[in-house]
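Please look over the sequence and the model shown here, and then follow the paragraphs below, which go from one ring to one helix and end with empty space.

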Amino acid sequence: MQKPAWQQPVDQVGAAKRPQYPIESVDNALRLVLLLGERPEIRLTEASEYLQVASSTAHRLLSMLQYRGFIRQDPVSRAYLPGSALTRVASAVSARMDVPRTAGPILRQLSNELQETVHVGMLDGGMVRFIAAAESPSAVRVASRLGKTMPAHCTSTGKVMLAELSDEEVHALYPDPNLVQLTPHSVSTVAELRSLLAEVRKNGFATSREESEEGVASVAVVIPGRGPEMRLALNASAPSYRLRPSHVRKVGETLTGAALELATKLV
């Protein structure tokens, strides 16, 4: 059985040959990044054993990666997790590669079916970044948020991805009990957010009613199969008077079918 990339010698991971004058500290830092691609978290002792260096050396490498935002440390468990800089790089690469191109036909078909604006969003720390969109063909519609970044807890797209995190991961993202509000309807406390996330897990979809923008409502579902390093979600946004609470479940079911189709094309 082939070993995963993080267990292979560096010159076997990619096509390039090992450089003539390798810089060991850079090599070790990059190996830790690769290790995080294979594991949900790593601890100092694991990093030290994996690199076969002293704990003090591993700690210095991890500290530098944390300083640049490539990793973050859970305040409770002290384990190291992927950081916002790492997800931003993944987001930038995916935005230039497969996600918008692959999602385009599905988003256009979905927009025509629902007659509403639809987006693909990506979780970036406590923010959601909209990386693909198709605007509603209706004259009165929600404008595309393509390229915009918004607080995840204020959007249905963000909340449905936050619901996939553990309580410890949510706590690490929101150490302050109070949350920033975009409108008077936005979630204002972490306690309220936790309650909403439990409801999202039960329903299989998330909603937002004027929480990110006055007059706008939305429904979102997770796009499965991308893994913790790239969480994606699909949403439909509409004027709040048009997306009534009685319509939400049916829209969620339509989104779920499209998300499953999109997931099969993104593998």
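Which residue lies over the face of Tyr50? In this predicted model, Arg31 takes that place, at 4.8 Å from the centre of the Tyr50 ring. Pairs between aromatic rings are another matter, since a search of the whole structure finds zero of them.

The next stop is helix α10, which runs through residues 248-266. Because each residue should add 1.5 Å, the 19 residues of this helix should span 27 Å, and the 26 Å between its end C-alpha atoms agrees with that expectation. The buried residues of α10 are Val248, Val251, Gly252, Thr254, Leu255, Ala258, Ala259, Leu262, Ala263 and Leu266. What do these buried residues pack against? Their partners are helix α6 (98-114) together with the strands β3 (117-124), β6 (206-209), β7 (216-223) and β8 (232-239).

Two of these strands, β7 and β8, return when one turns to enclosed space, for each of them, like α7 (156-162), supplies at least two residues of the lining of the largest cavity. A search of the whole structure finds one cavity of 30 Å³ or more, and the volume of the largest cavity is about 40 Å³. Which element gives the largest share of its lining? That element is β7, with three residues. The residues that line the cavity include Val216, Ala217 and Ser218, and among the others are Arg145, Thr155, Ser156, Thr157, Ser208, Ser212, Asn235 and Ser237.

Definitions and conventions
Residues are numbered from 1 along each chain as its sequence is written. This is a predicted model: local features need pLDDT of at least 70, side-chain atom pairs count only at pLDDT 80 or more; totals for chains, interfaces and linings use all residues. Side-chain values use heavy atoms; hydrogens and water are left out. Helices (H or I, at least four residues) and strands (E, at least two) are DSSP runs, numbered from the N terminus. The expected span of a helix is 1.5 Å times one less than its number of residues. Buried means under 20% relative accessible area, exposed over 50%, partly exposed in between (1.4 Å probe, protein chains only). Contact means heavy atoms within 4.5 Å. Rings of Phe, Tyr and Trp (its six-membered ring) pair if their centres lie within 6.5 Å; planes under 30 degrees apart count as stacked, over 60 as edge-to-face and the rest as tilted. A charge sits over a ring if NZ of Lys or CZ of Arg is within 6 Å of the ring centre and within 35 degrees of the ring normal. On a 1 Å grid over the protein atoms alone, a cavity is a set of points where a 1.4 Å probe fits but cannot get out, and a pocket is an open set with protein on both sides within 12 Å along at least five of seven lines; lining residues have an atom within 4 Å of a point. Grid points are joined across faces, edges and corners, and a volume is the space filled by probe spheres set on the points.
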